[in-house]
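Here are a few notes to read alongside the model, for anyone opening it cold. Could you keep the view open while going through the points?

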Amino acid sequence: MGMTMYWNPKIECMPKEELKALQYRELKQLVNNLYSFNKFYHDRMVEHKVHPDDITCLKDIAKLPFMYKQDLRDNYPTKMFTVPNNEIVRYHVSSGTTGKPTLVGYTQNDLDYWTEALARSFTSIGIGPDDTMQVSYGYGLFTGGLGAHYGAEKVGATVLPASTGNTERQVELIQDLGVTAIACTPSYMIHLLDTAKKMGVDIQRDTKLRKAVLGAEPWSESMREHIESYGVRAYDIYGTSEQAGPMFTECEERNGIHICGDIMYVEIIDPESGEPLEEGEKGEMVVTMLKKEAMPMIRYRIKDITMLMEGECACGRTSPRIARISGRTDDMLIVRGINVFPSQIEYTLLQIPEVGDQYMIYVSREGALDEMTIQVELRPEAFTDKLEDMLALRGRIEAALKKYLNIYVKVELKAPGELPRFTGKAKRVVDTRVI
Ligand code: DLL
């Protein structure tokens with residue numbers, strides 16, 4: 001594999017104690033600033049009876065209140081921003097819940113730190129000037145496309161902004177342009193490999209594609225093995241729009257995802273009690289973004305389940321590492337790369353007078369692509385055997401769901417009483433995807 005390359009060795013290999021001191025300084029400055037100059041954070045701290053002077057070491061971060069996605073929704077669109085509007089240079093929007101999306105704003109410095117994180121990450125997996133990277137995450141409101149794009153350009157790679165879709169064309173481009181690395185969701189990667197096979201293209205023999213940077217949704221070691229059987233080495237990449245977007249990857253060792261500790265401070269807590277957990281203990285990740293200007297995040301409850309890994313990484317980086325995300329503490333589903341909350345589906349269905357109280361959500365994987373089917377029970381007065389009326393109603397429900405969820409879902413209408421009733425806690429989501 002040759003000599004280990006670092007993008008920013010001073011920070012990436014900084015002695016752990018030094019990094020902690022740096023994190024403490026950043027935290028202290030962040031908390032002081034927000035307490036003095038921002039109403040939202042000031043009021044929160046007062047409400048929580050904590051003053052910046054109470055923070056005297058890194059562990060004191062636990063005295064600060066948590067932040068939740070609900071805070072972002074309540075303050076939609078820009079009430080959480082802490083800089084004047086003319087300092088905002090970019091927005092991204094994450095898919096909505098109950099009709100309301102989450103807006104993220106960035107200053108130029110915010111974009112630069114995001115890109116810096118990706119430059120370190122891509123360098124750690126050997127992506128550099130000799131690579132041509134096809135970015136097949138969605139470009140647009142989603143952070144995946146533009147995020148990976150700027151990161152890959154920063155390390156000097158040639159970037160092909162393919163975005164999603166038109167997979168046969170994507171396979172042709174991989175061949176024609178000698179693409180060496182791809183960034184996309186793991187399910188799209190599998191779809192692309194299937195498509196190549198159908199086209200008679202042998203990835204290993206007919207292309208130069210050797211690396212894939214996969215994330216934005218959960219995946220597993222068995223998916224990794226499947227992808228690697230095509231001669232493509234697969235790496236996990238993690239991030240969320242509240243942090244910036246895709247940011248952190250495994251290194252060549254693939255022994256956890258390296259977090260840029262100078263940019264983000266990670267705590268793992270017990271999701272029930274909120275108490276901090278030790279390295280090696282699985283819990284909910286809570287993040288504090290140490291450098292963000294436009295939309296700071298202090299102790300933000302991401303809801304992803306992971307743990308901080310013990311010991312040193314053989315790559316020489318001293319940065320904290322988290323394990324592969326193993327689930328969520330809420331019911332969020334990721335369907336074709338879109339974050340979908342079942343509560344969002346329920347909310348949409350409730351707006352339609354013909355729909356009764358019972359519904360079921362089925363998520364499956366057809367080939368490599370996710371399919372979502374929603375069965376809805378109609379009210380007795382709405383149910384008829386006139387096919388035309390039923391088709392029109394189905395069309396209306398599908399359109400309403402498409403509008404709120406941003407993805408196509410298949411709707412099946414059911415007669416009153418036809419769907420299962422639950423005696424205990426209703427289990428309306430059946431997710432049969434094997435990952
Ligand atoms: O998915 C950002 C991203 C883009 C990450 C491209 C990686 C690659 P959101 O749309 O805000 O941002 O969704 C964030 O997706 O809380 C996790 O639940 C899930 N997720 C992201 N990466 C992974 C991963 C982007 N590698 C939410 N493994 C997060 C498992 C992931 N889950």
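1. Start with the ligand, and bear in mind that this is a predicted model. There are 21 residues around the ligand, and those that come nearest are Ala 216, Asp 236, Ile 237, Ser 241 and Asp 304. By kind, the shell splits into 10 nonpolar, 7 polar and 4 charged residues.

2. Where does the largest share of that shell come from? Strand 7 is the answer, with 5 residues. Strand 7 spans 233–240, and helix 6 (143–154) likewise supplies at least two residues of the shell.

3. Now for the polar atoms. Ser 241 has a side-chain N or O atom 2.7 Å from an oxygen atom of the ligand. Arg 328 also offers a polar side-chain atom, 3.1 Å from a ligand oxygen. With Glu 217 it is a polar backbone atom that counts, 3.4 Å from a nitrogen atom of the ligand. As for cover, the ligand on its own has 610 Å² of accessible area, and the protein covers 96% of that.

4. Have a look at Gln 243 too, in the loop between strand 7 and strand 8 (245–249). Is Gln 243 buried or exposed? Its relative accessible area is 1%, and the cut-off for buried is under 20%, so Gln 243 is buried. Leaving aside neighbours within four places in sequence, Gln 243 is in contact with Tyr 238, Phe 248, Met 264, Val 287, Met 289, Lys 292 and Ile 302.

5. Next, Glu 267, which sits in strand 10 (residues 264–269). Glu 267 counts as buried as well, at 8% relative accessibility. Which side chain does the side chain of Glu 267 make a polar contact with? That would be Arg 299, at 2.8 Å. Beyond its neighbours within four places in sequence, the residues in contact with Glu 267 include Ile 61, Ala 62, Glu 284, Met 285 and Val 286. For a sense of scale, Asp 110 is 157 residues from Glu 267 along the chain, and their C-alpha atoms are 21 Å apart.

6. Last, turn to helix 11 (residues 342–350), where the buried residues are Pro 342, Gln 344, Ile 345, Thr 348 and Leu 349. Viewed down the axis of helix 11, these buried residues fall within an arc of 155°, so they line one face of the helix. The background is simple: an α-helix has 3.6 residues a turn, so residues three or four places apart point the same way.

Note on methods: Residues numbered from 1 in each chain as written. Predicted model: local features only at pLDDT ≥ 70, side-chain atom pairs only at ≥ 80, totals over all residues. Heavy atoms only, no water. Buried < 20%, exposed > 50% of the residue type's maximum accessible area, 1.4 Å probe, protein only. Helix = DSSP H or I, 4+ residues; strand = E, 2+ residues; numbered from the N terminus. Arc of directions from axis to C-beta. Near = heavy atom within 4 Å. Polar contact = N/O pair within 3.5 Å; in protein donor to acceptor, adjacent residues only side chain to side chain. Areas by Shrake-Rupley, 256 points an atom, 1.4 Å probe, with all protein chains shown as cover. Nonpolar A, V, L, I, M, F, W, Y, C, P; charged D, E, K, R; others polar. Contact = heavy atoms within 4.5 Å.
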